[in-house]
Amino acid sequence: ESVVVVVVPFLLLPALVHPPPPQVALRSTGRIMARAIRGIVGQRSRRFGVCSQRVGQDWGRDNETRAQPKGPFACYLLYSATTNRTYVGVTNSLPKRLRKHNGVITGGAKATRSGRPWSVALSVDGFSRYDDALRFEWMWKHMRPRRWSLKGRASNLARLLRLERWTKSAPEASSVPLTITFWEPALNNTIASELDLRTLPPYVNTTRGAIGILAAGDVEESSAGSKNVSQQR
């Protein structure tokens with residue numbers, strides 16, 4: 001017959017001979033687990049702090065050397081008749097950006113890969129600073145309630161144009177003269193009724209764009225191929 005020898009550490013013998021009450025055992029286990037969790041969290045926090053510091057340093061160096069896109073900029077609204085979807089973006093070259101969204105050249109947003117062809121419903125022009133255009137775009141996309149239909153986008157744009165500031169860090173809206181350009185004649189009535197053009201602020205003007213301008217831009221860029229397609233929007 002085989003004999004099994006169980007080796008018990010000397011420090012555990014008192015606990016086996018005189019086991020602690022259940023409450024004491026639970027408190028001890030809880031303290032051990034809490035100490036282990038604090039150690040793990042502290043270690044990860046220190047690692048996260050180092051990573052954040054490195055990211056901040058790298059970001060600062062990138063900003064010093066990164067070339068900023070040249071203005072002026074426009075915030076535009078796209079519409080897809082096939083899916084009845086809309087898309088809001090910022091660009092400094094509307095004809096080229098439209099070609100990207102429609103897949104003519106590379107560089108379009110993933111959200112517009114379906115629903116092609118896209119058409120430009122309107123554009124808000126007049127941003128001389130890229131960050132101001134981005135603030136305007138961000139608020140247009142995130143205004144409550146969020147609306148993705150053509151009427152909903154136009155309604156939120158009407159509210160946005162009547163704010164004193166688009167965001168807390170944005171300049172006073174009246175200091176940035178803007179022009180709303182209507183591009184798609186079939187959508188003009190729908191958008192104009194939601195914007196209520198008669199009550200727009202005095203710094204906002206309206207005009208109608210010719211579709212031929214966008215088409216001419218397509219022809220002009222098609223002859224140049226896909227050069228400089230990495231231009232930031």
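User: Where does Asp 196 lie in this model?
Analyst: In this predicted model, Asp 196 sits in the loop between α6 (185-195) and β5 (204-208).

User: What makes the phi of Asp 196 worth a remark?
Analyst: Its sign. Asp 196 has a positive phi of about 55 degrees, although it is not a glycine. Asn 84 is another such case, with phi near 60 degrees in a residue other than glycine. Asn 84 lies in the loop between β1 and β2.

User: Why is Asp 196 called partly exposed?
Analyst: Its relative accessible area is 31%. Buried needs under 20%, and exposed needs over 50%. The value for Asp 196 falls in between, so the residue is partly exposed.

User: How do you know that Asp 196 and Arg 198 form a salt bridge?
Analyst: By the N to O distance, which is 4.0 Å between the two side chains. The rule asks for an Arg or Lys side-chain nitrogen within 4 Å of an Asp or Glu carboxyl oxygen. The pair meets that rule, so it counts as a salt bridge.

User: Is Arg 198 buried or exposed?
Analyst: Arg 198 is exposed, at 79% relative accessibility. The cut-off is over 50%, so the label follows.

User: How many salt bridges does the whole structure hold?
Analyst: The search finds seven. One of them joins Asp 132 and Arg 129, with the closest N and O atoms 3.7 Å apart. That is within 4 Å, so the pair qualifies.

User: Which labels do Asp 132 and Arg 129 get for burial?
Analyst: Asp 132 is buried, at 7% relative accessible area. Arg 129 is partly exposed, at 47%. The value for Asp 132 is under 20%, whereas the value for Arg 129 is not over 50%, so the labels stand.

User: What makes Asp 131 and Arg 135 a salt bridge?
Analyst: Their side chains meet at 3.7 Å, N to O. The limit is 4 Å, so the pair passes. Both residues belong to helix α4 (residues 130-142), four residues apart, which means a separation of about one helical turn. Asp 131 is partly exposed at 25% relative accessibility. Arg 135 is partly exposed at 21%.

User: Which residues are linked in a network of salt bridges?
Analyst: The network consists of Arg 129, Asp 131, Asp 132 and Arg 135.

User: How do you know that the span of α4 is close to the expected value?
Analyst: The helix has 13 residues and reaches 18 Å from its first C-alpha to its last. At 1.5 Å a residue, 18 Å is expected. The two values agree, so the span counts as close to expectation.

User: Which residues of α4 are buried, and why are they said to line one face?
Analyst: The buried residues are Asp 132, Ala 133, Phe 136, Glu 137, Met 139 and Trp 140. Seen down the helix axis, they fall within an arc of 165 degrees, so they line one face of α4.

User: What do the buried residues of α4 pack against?
Analyst: They pack against β1 (73-80), β2 (85-91), β3 (118-127), α5 (150-161) and β4 (178-182).

User: Why is Thr 86 called buried?
Analyst: Thr 86 lies in strand β2. Its relative accessible area is 8%. That is under 20%, so Thr 86 is buried. Its contacts beyond four places away in sequence include Leu 77, Trp 118, Trp 148 and Arg 153.

User: What makes the pair of Thr 86 and Arg 153 a polar contact?
Analyst: The two side chains come to 2.9 Å. The limit is 3.5 Å for a donor and an acceptor, so the pair counts. The Thr 86 side chain also reaches the backbone oxygen of Trp 148, at 2.5 Å.

User: Which peptide bonds are cis?
Analyst: Among them is the bond between Arg 116 and Pro 117, with omega about 5 degrees. Pro 117 is in the loop between α3 (94-101) and β3. A cis bond also joins Arg 144 and Pro 145, with omega about -5 degrees. Pro 145 is in the loop between α4 and α5.

User: How many helices and strands does the chain have?
Analyst: Seven helices and five strands. Along the sequence they run α-α-β-β-α-β-α-α-β-α-β-α. Of the 233 residues in the chain, 32% are buried.

Definitions and conventions:
Residues are numbered from 1 along each chain as its sequence is written. This is a predicted model: local features need pLDDT of at least 70, side-chain atom pairs count only at pLDDT 80 or more; totals for chains, interfaces and linings use all residues. Side-chain values use heavy atoms; hydrogens and water are left out. Buried means under 20% relative accessible area, exposed over 50%, partly exposed in between (1.4 Å probe, protein chains only). Helices (H or I, at least four residues) and strands (E, at least two) are DSSP runs, numbered from the N terminus. The arc is that of the directions from the helix axis to the C-beta atoms. Contact means heavy atoms within 4.5 Å.
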